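Subject: Structure handover and notes

Dear colleague,

Here is the structure I promised to pass on to you. Please open it alongside this message, since the notes that follow go through it piece by piece.

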Amino acid sequence: MPDASTGDGVEKLLQGKVAVVTGAAQGIGLEIARTLHRHGSQVVLADLDCDGARRAAAGIAGAGTDCVGTACDVTAEDQVKQLVATTVRDFGRVDLFVNNAGITRDASLKKMQVADFDAVITVHLRGTWLGVREAAAVMREQRSGSIVNISSLSGKSGNPGQTNYSAAKAGIVGLTKAAAKEVAHHNVRINAVQPGLIRTPMTAAMPPEVFAQREADVPMKRAGEPHEVAGAVVFLGSDLSSYITGTVIEVGGGRYM
C-alpha cells in the first residue's frame, strides 16, 4: 500500500488533493501551504509578491512539481480567474481554496484616510469574494470542494485602530455564510477560520508591553502559533469535516468565548 503518513507517523489527510492558498509567501499563509503539502496536497502558493511565492514553494518542496508559486493580485478579477484556470490546467482540479491574502492600514477613526479604509476592504472582502466565486464555479462542476476564508477575532470583537480591518473581517463571516448556503447542494463547503493572537512577523513588531497584555488576556495564557491556524484549515479541507459548512472556527485560545 502507498505510504499515507506525513513522514512523522501522522496520517496524510489531504492525499491527492489540489489546494490554492492566497497570500502564501509569508506568515500564516505560508504555514498553511506548508501544512497542506505535508498532509499530501499539491499546493499553489499565490501572492502579490511572485518571487516570494516561488521562493516559499521551493522552500516547501525543493525542486518538486507538486508545490508551485505564482503571482496574483486578489483584487483583480482577471488575475483571480487566471489563478483558478491555471490551477485546473496544470493539476486537473481544485479541491481546496484558501482565501488568506490580507493587509492592514491601522489608524484611529479620527486619523484614518478613506484610501486606508478602501484598501483594506478591497483586499479582504473583494479578494475573498472573487476567490469564493471562481473556486466555487469549478467545484460545482466537480460536485466537491472546500473553501476556507481566513477571518479574524477582530471581526468578532473589534479592535481600536482597526475599523477598516475589523469591518472587513466581520464581512468575511457574512460572505462565508451566504455563499455556503448557495453552493451546499452542489457538495461544495465554505467555512471560515478566525485566528486570534498568533506569533507572526506582524505581531512580533508590536511593542512588547502591548503583546504581553494581549497574551495575558487569552485564557490559555499564550499566543498561538501559525501551525495551529493551519491545523484548522487542514481539518476543514479534509473529509473529516464533510458535513460542516457555513461555520466559523475560532483559533484564539478561548479569547472572546
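I would like to begin at Gly23, which, once its neighbours within four places in sequence are set aside, is in contact with Gly29, Leu30, Ala46, Asp47, Asn100 and Ala101. Please bear in mind throughout that this is a predicted model. Gly23 sits in the loop that runs between strand E1 (18–22) and H1, and because its relative accessible area is 16%, under the 20% limit, it is classed as buried. From Gly23 to Leu36 there are 13 residues in sequence, and the distance between their C-alpha atoms is 14 Å.

For the protein as a whole, there are nine helices and seven strands. A compact globule of 257 residues would be expected to have a radius of gyration near 18 Å, and the protein, at 18 Å, agrees with that expectation. The C-alpha trace extends over about 55 × 40 × 35 Å along the principal axes, and 49% of the 257 residues count as buried. The accessible surface amounts to about 12,200 Å², with 54% of it belonging to carbon and sulfur atoms. If one takes the contacts between residues at least 6 apart in sequence, 70% of them join residues that are at least 24 apart.

Two helix pairs deserve a closer look. Two packed helices are described by the angle between their axes and by the distance between the axes.

In the first pair, helix H1 (residues 27–38) and helix H2 (residues 50–61) have axes that come within 10 Å and cross at roughly 35°, and the crossing in which H1 passes H2 is right-handed. On the H1 side the residues that meet H2 are Leu30, Ala33, Arg34 and His37, while H2 contributes Ala56, Ile60 and Ala61. Sorted by class, this contact is made up of five nonpolar residues, one polar and one charged. Leu30 has already appeared above, as one of the residues in contact with Gly23.

In the second pair, H3 packs with helix H4 (residues 114–142) at an angle of about 35°, and their axes are 9 Å apart; here too the crossing, of H3 past H4, is right-handed. The residues of H3 that take part are Glu77, Val80, Lys81, Val84 and Val88, and they meet Leu130, Gly131, Arg133, Glu134, Ala135 and Val138 in H4. The classes in this contact are six nonpolar, one polar and four charged residues.

Cys72 may interest you at the bench. It lies in the loop between strand E3 (67–71) and helix H3 (77–91), and it counts as buried because its relative accessibility is 4%, where buried means under 20%. Residues up to four places away in sequence not being counted, Cys72 touches Ala46, Asp47, Leu48, Gln79, Val80 and Leu83. Ala46 and Asp47 are also among the contacts of Gly23, and Val80 is one of the H3 residues that meet H4. Glu141, by contrast, is 69 residues from Cys72 along the chain, and 24 Å separates their C-alpha atoms.

In strand E3 itself we find Val68, which counts as partly exposed because its relative accessibility of 29% falls between the limits of 20% and 50%. Apart from neighbours within four places in sequence, Val68 is in contact with Val43, Val44, Leu45, Ala57 and Phe91. Val68 and Ala53 are 15 residues apart in sequence, and their C-alpha atoms are 7.9 Å apart in space.

Finally, there are two residues whose backbone angles you may wish to look at. Asn187, in the loop between helix H6 (163–183) and strand E6 (188–195), has a phi near 65°, which is a positive value in a residue other than glycine; with 43% relative accessibility, Asn187 counts as partly exposed. Tyr256, in the segment after strand E7 (248–251), has a positive phi of about 65°, although it is not a glycine either, and with a relative accessible area of 30% Tyr256 is partly exposed.

With best wishes

Terms used: Residues are numbered from 1 along each chain as its sequence is written. This is a predicted model: local features need pLDDT of at least 70, side-chain atom pairs count only at pLDDT 80 or more; totals for chains, interfaces and linings use all residues. Side-chain values use heavy atoms; hydrogens and water are left out. Axes are lines fitted to C-alpha atoms, for helices over the stretch in contact, and angles run from 0 to 180 degrees between N-to-C directions. A crossing is left-handed if the near helix is turned anticlockwise from the far one by less than a right angle, and right-handed if clockwise. Contact means heavy atoms within 4.5 Å. Ala, Val, Leu, Ile, Met, Phe, Trp, Tyr, Cys and Pro count as nonpolar, Asp, Glu, Lys and Arg as charged, and the others, Gly among them, as polar. The radius of gyration is taken over C-alpha atoms; the globule rule is 2.2 Å times the number of residues to the power 0.38. Buried means under 20% relative accessible area, exposed over 50%, partly exposed in between (1.4 Å probe, protein chains only). Accessible areas come from the Shrake-Rupley method with a 1.4 Å probe; for residues, only the protein chains shown count as cover.
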